[in-house]
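Colleague: I am just starting to read protein structures, and I would love a close look at a single part of this one. Could you pick a strand and walk me through its surroundings step by step?

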Amino acid sequence: HLIPSVLPIQTHHHQSQRSMSQARTHVAVIGDAFLDILAGPVERMPRFGGDVDAPSIAQLAGGSALNVAVGIGELVRGTGNTCSFHGLVGSDEFGKVLKRKIVECNVADHL
């Protein structure tokens with residue numbers, strides 16, 4: 001099981017107009033990103049080797065490191081602090097979905 005690495009890698013002091021010092025932090029998250037495919041709801045679990053119909057299929061960005069980066073990105077939105085995600089994703093449609101999710105959630109991608 002992979003545990004994401006979360007590193008506060010930089011702290012900057014920014015002088016405001018009132019000469020007050022305010023710390024700025026950048027958090028780098030390093031690890032995995034997956035696209036979870038969810039089908040359901042189903043009336044019953046399929047038998048071994050069998051199938052059941054699912055009325056809908058959803059794609060959700062996941063992976064422990066990506067989930068951490070998304071959470072941090074949302075927490076720091078509008079604070080002046082930043083978050084970046086460092087990992088590997090493919091150049092296929094699944095990778096594009098993951099990249100969009102990263103950007104939507106205020107996370108800089110380093111893919």
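**A close look at strand E5**

Modeller: Let us begin with threonine 82, which lies in strand E5. Please keep in mind that everything here comes from a predicted model. The strand itself covers residues 82–86.

How buried or exposed is threonine 82? Its relative accessible area is 37%, so threonine 82 counts as partly exposed. Leaving out neighbours within four places in sequence, threonine 82 is in contact with Thr25, His26, Val27 and Val76. Alanine 28 is worth finding on your screen too: 54 residues separate it from threonine 82 in sequence, yet the two C-alpha atoms are 8.6 Å apart in space.

Now move along to serine 84, which is also found in strand E5. Serine 84 has a relative accessible area of 0%, and because buried means under 20%, it counts as buried. What does serine 84 touch, if residues up to four places away in sequence are not counted? The list is His26, Val27, Ala28, Val29, Val107, Ala108 and His110. His26 and Val27 may sound familiar, since threonine 82 is in contact with them and serine 84 touches them as well.

While we are on a strand, here is a rule for your notebook. In a regular strand, side chains alternate between the two faces of the sheet.

Next comes the partner strand. Strand E5 is joined to strand E6 (residues 108–110) by 3 bridges, and these two strands run parallel. One pairing you can look up is phenylalanine 85, whose bridge partner in E6 is aspartate 109. To get from E5 to E6, the chain passes through helix H2 (residues 93–104), and this β-α-β crossover is right-handed.

Let us follow that path and pause at helix H2. Which side chains meet in a salt bridge there? They are lysine 96 and glutamate 93, with 3.2 Å from N to O. Lysine 96 and glutamate 93 are 3 residues apart in helix H2, which means that about one helical turn separates them. With a relative accessible area of 41%, lysine 96 is partly exposed, whereas glutamate 93, at 52%, is exposed.

The search of the whole structure finds 2 salt bridges. Besides the one in the helix, glutamate 74 forms a salt bridge with arginine 77, and their closest N and O atoms are 3.2 Å apart. Both ends are partly exposed: glutamate 74 has a relative accessible area of 38%, and arginine 77 has 41%.

There is also a nonpolar patch on the surface for you to find. Ile37, Ile57 and Phe94 make this patch, which is about 320 Å². Isoleucine 57 has its place in strand E4 (residues 56–62), and at 64% relative accessibility it counts as exposed.

Finally, let us step back to the whole protein. It has 2 helices and 6 strands, and from the N terminus on, the elements run β-β-β-β-α-β-α-β. Of its 111 residues, 25% are buried, and serine 84 is one of the buried residues. If you take contacts between residues at least 6 apart in sequence, 54% of them join residues at least 24 apart. The accessible surface comes to about 7900 Å², and carbon and sulfur atoms account for 56% of it.

Notes:
Residues numbered from 1 in each chain as written. Predicted model: local features only at pLDDT ≥ 70, side-chain atom pairs only at ≥ 80, totals over all residues. Heavy atoms only, no water. Patch = residues over 30% accessible without salt bridge, like charges linked within 9 Å, V, L, I, M, F, W, Y side chains within 5 Å. Areas by Shrake-Rupley, 256 points an atom, 1.4 Å probe, with all protein chains shown as cover. Salt bridge = Lys/Arg side-chain N within 4 Å of Asp/Glu carboxyl O. Helix = DSSP H or I, 4+ residues; strand = E, 2+ residues; numbered from the N terminus. Buried < 20%, exposed > 50% of the residue type's maximum accessible area, 1.4 Å probe, protein only. Pairing = 2+ DSSP bridges. Right-handed = clockwise from strand over helix to strand, strands pointing away. Contact = heavy atoms within 4.5 Å.
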